[in-house]
Amino acid sequence: GRSLPPVDATQNVELVSGSERNRVTTLEFQRNVRACESNDRSIDIGTSRLIWAYHDEDPDSPSSLQFHNQNMGRKSVNLLDGRQNNEVPLPSDRSEE
């Protein structure tokens, strides 16, 4: 549904860096490849589906996020690219739009 995701009791993601330039925000983060908790997912070899959304204005607090309207998307990526010796072909995202 359309609601805020639940806050994870244990934050296993570490923000490495973040920047904003010319209205482009870039975040770099890291976490263990294997899930640490039952509600987390491991990052496996192969295709992972990433989803993203943003609002044009910054929230007043972490609990006051606003609906993103049309500012959203998805992408199939290989998060382990460069760490494995085999190539994993990625499906096109265009067929789902």
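The pLDDT is the predictor's own confidence in each residue, on a scale from 0 to 100. That is a handy place to start, since this structure is a predicted model. Among the elements of the protein chain, strand β1 (residues 14–21) has the highest mean pLDDT, 92, while strand β3 (residues 48–53) has the lowest, 86. Over the whole protein chain the average is 78, and 81% of the residues score at least 70.

## The overall plan

Let's begin with the broad outline. The protein chain has 4 strands and 0 helices, so reading from the N terminus gives the order β-β-β-β. Of its 97 residues, 12% count as buried. The protein chain exposes about 8,900 Å², and carbon and sulfur atoms supply 47% of that area. What about contacts between residues that are separated along the chain? Among contacts between residues at least 6 apart in sequence, 41% join residues at least 24 apart.

## From β1 to β2

Now follow the chain into the loop between β1 and β2, where you will find Asn22 and Arg23. Most residues other than glycine have a negative phi. Asn22, however, has a positive phi of about 55 degrees although it is not a glycine. Arg23 also has a positive phi, about 65 degrees, and it is not a glycine. Are these two residues buried or exposed? Asn22 counts as exposed because its relative accessibility is 71%, and Arg23 is exposed with a relative accessible area of 74%. The cut-off behind both labels is over 50%.

A little further on, strand β2 contains Phe29. This residue counts as exposed, at 54% relative accessibility. Which residues does Phe29 touch, leaving aside its neighbours within four places in sequence? The partners are Val13, Glu14, Leu15 and Val16. Take Val13 as an example: Phe29 and Val13 are 16 residues apart in sequence, and their C-alpha atoms are 6.6 Å apart in space.

## A salt bridge between β2 and β3

Side chains of opposite charge can pair when their charged atoms come close. How many salt bridges does this structure hold? There is 1. Its partners are the side chains of Arg34 and Asp44, which meet at 3.1 Å, N to O. Arg34 and Asp44 both lie in the loop between β2 (24–30) and β3, so the pair ties together parts that are 10 residues apart in sequence. Asp44 itself is partly exposed, with a relative accessible area of 42%.

## Around the end of β3

Next comes an aromatic pair, and the count for the structure is 1. Trp52 and Tyr54 form this pair, which is stacked. The ring centres are 6.1 Å apart, with 15 degrees between the planes. The label "stacked" applies because planes under 30 degrees apart count that way. Trp52 counts as partly exposed, at 46% relative accessibility, and Tyr54 is partly exposed as well, with a relative accessible area of 43%.

Trp52 and Tyr54 also appear among the contacts of Asn71. Where is Asn71? Its place is in the loop between β3 and β4 (72–77). Leaving aside neighbours within four places in sequence, Asn71 is in contact with Trp52, Ala53, Tyr54, His55 and Asp56. With Asp56 there is something extra: the two side chains make a polar contact of 3.4 Å. Asn71 counts as buried because its relative accessibility is 18%, and the limit for that label is under 20%.

His68 is found in the loop between β3 and β4 too. Its contacts, again without neighbours within four places in sequence, are Ala53, Tyr54 and His55. His68 is buried, with a relative accessible area of 18%.

## Accessibility side by side

Here are several of the residues we have visited.

| Residue | Relative accessible area | Label |
|---|---|---|
| Arg23 | 74% | exposed |
| Asn22 | 71% | exposed |
| Phe29 | 54% | exposed |
| Trp52 | 46% | partly exposed |
| Tyr54 | 43% | partly exposed |
| Asp44 | 42% | partly exposed |
| Asn71 | 18% | buried |
| His68 | 18% | buried |

To find these places in the structure, you could start with Asn22 in the loop between β1 and β2, and then look for Asn71 in the loop between β3 and β4.

Technical notes:
Residues are numbered from 1 along each chain as its sequence is written. This is a predicted model: local features need pLDDT of at least 70, side-chain atom pairs count only at pLDDT 80 or more; totals for chains, interfaces and linings use all residues. Side-chain values use heavy atoms; hydrogens and water are left out. Helices (H or I, at least four residues) and strands (E, at least two) are DSSP runs, numbered from the N terminus. Buried means under 20% relative accessible area, exposed over 50%, partly exposed in between (1.4 Å probe, protein chains only). Contact means heavy atoms within 4.5 Å. Accessible areas come from the Shrake-Rupley method with a 1.4 Å probe; for residues, only the protein chains shown count as cover. A polar contact is a pair of N or O atoms within 3.5 Å; within protein, one must be able to donate a hydrogen and the other to accept it, and residues adjacent in sequence count only if both atoms are side-chain atoms. A salt bridge is a side-chain nitrogen of Lys or Arg within 4 Å of a carboxyl oxygen of Asp or Glu. Rings of Phe, Tyr and Trp (its six-membered ring) pair if their centres lie within 6.5 Å; planes under 30 degrees apart count as stacked, over 60 as edge-to-face and the rest as tilted.
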